[in-house]
Amino acid sequence: MFYIHQSSCISPQQTFHDVDLNKLHEPADRKLLAIEPRYDGIPPGILRRMGKAVRMGVGAAMPLLQNNPTSDGIIVATVNGGKEDCVKFMNQIIDYNEGLLTPINFVQSTPNAVAAQIGLLTKNHGYNITHSQLGLAFEYAMIDAGMMINENPLSSFLLGAVDDISLFNYNIEEKSGCHKMETISNKNLYTTNSPGHIAGEAASMFLVNGNETGAIVKVQAVETLHTTDESIMKEKLFGFIKKYLPAGEKMDVLLTGENGDNRLLKYYSCCESLMDNDVTIARFKHMCGEYPTATSMGLWLCCDILQKQTIPEHMIKKAAVKTGYKNVLIYNNYNSIQHSFILVSIT
Amino acid sequence: MNRIVVTGLGVISAIGNSVAENRVSLMEGKCGISRLEMFPSKFSDVLPVGEIKISNEALKEKLKAPEPGITRTTLLALHAINEALADSGLSNADMSSSGTALVGASTVGGMCLTDEMYMDSQKDTPGSEYLASYDFATTCMYLQNYFSIGGPVNTINTACSSSANAIMYGARLIRSGRARRAIVGGFDSLAKFTINGFNALHILSTEHCTPFDEDRKGLNLGEGAAFLVLEKEEDVRDKKIYASLSGYSNANDAFHASSLSDNGDGPFRAMKDALASAKLNPSQIDFVNAHGTGTENNDKVESIAMLRLFEKVPAFTSTKANTGHTLGAAGAIEAVYCILNLAEQELYTGLHFTNPIATTKLVPFQLYKKTPLTHIMSNSFGFGGNCSSLIFSKA
């Protein structure tokens, strides 16, 4: 599909400057909040007016675009981007009884504010789009990038995703029973055996094109599925591996989006059952919590694992004796019904 | 390259509940702008809107969709998609096949429930039946489940150009082999949220909007939904083909969060690249369905961009004078109108125009007529500089 040349991530872990994944940062007030940098690349006057998702998305994107100003477009996935401003504007409507309102929150209330701001700040007139299909938004953004590069083999794109925890989406998710009732450390996320996850947030950005030279990894394939039936999911995943894993090669790592919600365990068990014994199984949602576009953080970690040929101890669910990692499968389930399979290989 | 063709249409708007009703209204030059009646707002008497005069209760009953948590946006979408699927003769088996994709677009989504969403977002209130209804993807999730859609299901939000991008994405899924057919469209309903938002920007007119008129005073908001069924020509066999989707492009103005650049760089590039993708010259475009919101900024900039692109600007109008600006649904509703232009070989009466903009002097098309049409361009521009153009061609 495409090659990743650079990546950038602002998350609850030390992923932005001086990456250190061995130390695990813990949730505060039941949320895994991103460690935000100083955002040196964004003019202060503009930064002040940005909602958190826009700020994180632009902040993660800028280092990549400053090095590569010729990018042909910006492909972003976000579900909660803009919701903070959206509810702030609703707040104005209620508080001032539909009176004289200031439009800044309204203008930033749509998810396309992230991609738009990146385009605006980097004067990028190319393709600019925002995907918002909940737990598959990032996958459809990846497919978009893959199609664009296939249509124009010399093109390159900024591809990424961001979702933030605003007080507002947090409250709505809390009432929907998304979060764990008990307060836990992320170290114990996978042993709680209870419904719900820990809310999280992050922005992950990638510079992608069709050029193998100098690339970190190749994204071989992405497929999506809407179903609650694990047997359909299993059949589809089996077909995916058979179709896309290069002939004669083996899967080395399964990186799953297991999130501590015992209602979803059956899907992850099903996926693991398809793996041979010598596949290392790793997880990442204890690092970034759950949010709709979390597979983008999974992909960022995948780049790191394949580059460094090592997986932080706290991520490993089942270790296998291996001499090197070449092929990684990312499997994610969002809210039972949305599944994605992503195959990433070292170049 | 195999052509992408349109084999089914569905639409609901302030000027009709079906494709046939919309066509009659367009032929008669009907204006669907009226007083807001479906929910209370301080602005009901001041700011006219393009409202569909069917209550949520009546829609639920007509569509047999009694589920709690369903929003007006989803009801309008279901109404339009039912028509499009029946028109294209797609079976249940077609829908659940892994080759059928759904690409929707919305920029209001569940925010039509402005008061409910606000209450649910507060800490110590009990949750309403709409907790899962506020996301932009809620409608596509509902439709995926309703029709057991087996292929890719995506939702795009690029503000007012959303559904033009959904149409593009669906066509590209087919071209790339990821889908055999794509049901593509957009849906948005009126909301206290958007009325107050656009009002805060001072771009809502207290009168009927007058696209491309020198004395235009702003836009009227509208609501509606539309869907197109896209297929590869070789797969269509004996079905009716309305038109082909022959070109498309998405570009960014990269100028300002809520207004277009003086030179219309984004609109110009979207139109120019759409022509290149269709392998057409500007002179081959017979008609432009303009974005034409009726705001000071849009109509002037869109005119400038058209003057830059076309040696002689072709006939153009904005149907937003009929329907109001339906935001995320606009690109899809207007795509249906363009396809009707081509299928029926006719141009519809343009409304509410008196004097041309002094600096650009462009006069929109006025009176209904039958005329040969081969290629039509449709523009959709949105906040964030998101500009998209589509080109439809005669079947």
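Begin by selecting chain A and chain B together in this predicted model, and colour the residues where the two chains touch: 56 residues of chain A and 63 residues of chain B take part in the contact. If you then display the surface between them, you are looking at a buried area of about 5,200 Å², of which 61% comes from carbon and sulfur atoms. Within the share that chain A buries against chain B, pick out A:E98, A:H125 and A:K175, since these residues supply 15% of that area, more than any other three residues.

Next, turn to the charged pairs that cross from one chain to the other, where the count between chain A and chain B is three salt bridges. To see one of them, select A:K83 and B:D135 and show their side chains, whose closest N and O atoms lie 2.5 Å apart. Polar contacts can be added to the same view, and 27 residue pairs, both members at pLDDT 80 or more, are found in polar contact across the interface of chain A and chain B.

Now hide chain B and keep the side of chain A that touches chain B in view, so that its secondary structure can be followed. The elements that give two or more residues to this side include the helices α3 (83–95), α5 (113–121) and α7 (167–175) of chain A, together with the strands β4 (127–131) and β8 (217–226) of chain A. Among the contributing elements, α3(A) gives the most, with nine residues. Colouring this side by residue type divides it into 27 nonpolar, 21 polar and eight charged residues.

Stay with chain A and select its two parts separately: the domain assignment gives domain 1 as 2–209 and domain 2 as 217–346. The C-alpha centres of domain 1 of chain A and domain 2 of chain A are 22 Å apart, and 51 residues of domain 1 are in contact with 41 residues of domain 2. Between them, these two domains of chain A bury about 3,800 Å², with 62% of it on carbon and sulfur atoms.

How many salt bridges cross the interface of domain 1 and domain 2 of chain A? The rule finds zero salt bridges there, although 22 residue pairs, both at pLDDT 80 or more, are in polar contact across this interface. For a last selection, take the side of domain 1 of chain A that touches domain 2, where β1 (2–10), α6 (137–151), β5 (156–163), β6 (199–200) and β7 (202–209) of chain A each give two or more residues. The residues on this side of domain 1 of chain A divide into 28 nonpolar, 19 polar and four charged.

How values were computed. Residues are numbered from 1 along each chain as its sequence is written. Chains are lettered from A and ligands numbered from 1 in the order in which they are written. This is a predicted model: local features need pLDDT of at least 70, side-chain atom pairs count only at pLDDT 80 or more; totals for chains, interfaces and linings use all residues. Side-chain values use heavy atoms; hydrogens and water are left out. Domain bounds come from an automatic or database domain assignment. Contact means heavy atoms within 4.5 Å. Buried area is the accessible area (1.4 Å probe) that two parts lose on being put together, summed over both. A salt bridge is a side-chain nitrogen of Lys or Arg within 4 Å of a carboxyl oxygen of Asp or Glu. A polar contact is a pair of N or O atoms within 3.5 Å; within protein, one must be able to donate a hydrogen and the other to accept it, and residues adjacent in sequence count only if both atoms are side-chain atoms. Helices (H or I, at least four residues) and strands (E, at least two) are DSSP runs, numbered from the N terminus. Ala, Val, Leu, Ile, Met, Phe, Trp, Tyr, Cys and Pro count as nonpolar, Asp, Glu, Lys and Arg as charged, and the others, Gly among them, as polar.
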